[in-house]
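Open your viewer, switch to a cartoon view and keep the selection box handy. We will go from one stop to the next, picking residues as we go.

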Amino acid sequence: MSIKETLITNLSQLDGATAYSAIVGLLLICGLGVPLPEDITLLAAGVLASVGSITLWGGMIAGFFGVMMGDAFLYSVGRIYGRKAFQLPVIRTIMTPSRVAKAERKIIRNSHFICFVARFLPGLRSPIFLMSGIMGVRPVVFYGLDGLAALISVPFWVYIGYLVGENIDDALRMAERAQLSVGAVVLVLVAAYFG
């Protein structure tokens, strides 16, 4: 069983406050750069809503809150510690020099656009959010754009999980297709922006 299937299976057995806490906690961990699939956690929230363990709106709110907490943590570490943040033990292991260099180049070129698009870039999200803090992106810009992107992505993933219900295989297949579609949309947005 893959990590995705294990995560969905284990989360789908929870209900009520325990389920909400697990969703927020896992998304916070994802936001710290730990390589757990954030989208799968959100899908699992939708599955929980479809079987009545939590409400659909509750899943979306818990998902949004968890995503924003993780993003805010990395951004705040960057703002508080600046470049010294790269020496912190947890960050040093997650933020490789190549990931940091990529994130820095993207942010220097266009902080407003990248703060929005980063939500849709798994693997680059964490270093971009940390670099946004380090490079002094204003909080209103960061939280406004990241929050807007989360208002799009979180309900999207939770609703897909809700639609497929308990069928984990369908959920994973749909997630893979959706990730390709979201990737294509992001590429079109990037091309349109730079065009």
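Start by selecting helix 2 in this predicted model and show its side chains. The buried residues here are A19, A22, I23, V24, L26, L27, C30 and G31. The helix itself has 16 residues and runs 23 Å from its first C-alpha to its last. That is close to the 22 Å expected at 1.5 Å a residue.

Stay on helix 2 and pick I23. Which residues does I23 touch, leaving aside those up to four places away in sequence? Select T41, A45, L48, I54, A62 and G63, and you have them.

I23 also leads us into the interior. The largest nonpolar core has 20 residues, and I23, L42, I54, V154 and V158 are those with the most contacts inside it. To see where this core comes from, colour helix 2 (16-31), helix 3 (38-50), helix 4 (56-81) and helix 9, the elements that each give two or more residues to it. Helix 3 gives the most, with six residues. Before leaving the interior, select L74, C115, L124 and F129: they are among the members of a second, separate core of 11 residues.

Now select helix 3 on its own. How many of its 13 residues are buried? The count is 12, and helix 3 is mostly covered. Buried residues to label include E38, D39, I40 and T41 at one end of the list, along with L42, L43, A44, A45, G46, V47, L48 and A49. Try the distance tool on this helix as well: its end C-alpha atoms are 19 Å apart, which agrees with the 18 Å that 13 residues should span at 1.5 Å a residue. Then step just past helix 3 to G52, which takes a positive phi of about 85°.

Next, go to M131, which sits in helix 8 (residues 125-134). Is M131 buried or exposed? It counts as buried because its relative accessibility is 0%, and the cut-off for buried is under 20%. Draw a line from the C-alpha of M131 to that of R105: the two residues are 26 apart along the chain, and these atoms are separated by 9.7 Å.

For a contrasting stop, select K84, in the loop between helix 4 and helix 5 (89-94). K84 has a relative accessible area of 64%, so it is exposed, a label that needs over 50%. From there, find I134, which lies 50 residues away along the chain. The C-alpha atoms of K84 and I134 are separated by 9.2 Å.

Switch on the surface and move to Y162, in helix 9 (residues 139-164). Y162 is partly exposed, with a relative accessible area of 33%. Add Y159 and L163 to the selection: together with Y162 they make a nonpolar surface patch of about 300 Å².

Finally, zoom out to the whole chain. Its secondary structure comes to 10 helices and zero strands. Of the 195 residues in the chain, 47% are buried. Among contacts with a separation of 6 or more, 76% are between residues 24 or more positions apart. With the surface still on, you are looking at about 9500 Å² of exposed area, 66% of it supplied by carbon and sulfur atoms.

Conventions:
Residues are numbered from 1 along each chain as its sequence is written. This is a predicted model: local features need pLDDT of at least 70, side-chain atom pairs count only at pLDDT 80 or more; totals for chains, interfaces and linings use all residues. Side-chain values use heavy atoms; hydrogens and water are left out. Patches are made of residues with over 30% relative accessible area and no salt bridge: like charges are joined within 9 Å, nonpolar side chains (Val, Leu, Ile, Met, Phe, Trp, Tyr) within 5 Å. Accessible areas come from the Shrake-Rupley method with a 1.4 Å probe; for residues, only the protein chains shown count as cover. A salt bridge is a side-chain nitrogen of Lys or Arg within 4 Å of a carboxyl oxygen of Asp or Glu. Helices (H or I, at least four residues) and strands (E, at least two) are DSSP runs, numbered from the N terminus. Buried means under 20% relative accessible area, exposed over 50%, partly exposed in between (1.4 Å probe, protein chains only). A nonpolar core is a set of buried Ala, Val, Leu, Ile, Met, Phe, Trp, Tyr and Cys residues joined through side-chain atoms within 4.5 Å. Contact means heavy atoms within 4.5 Å. The expected span of a helix is 1.5 Å times one less than its number of residues.
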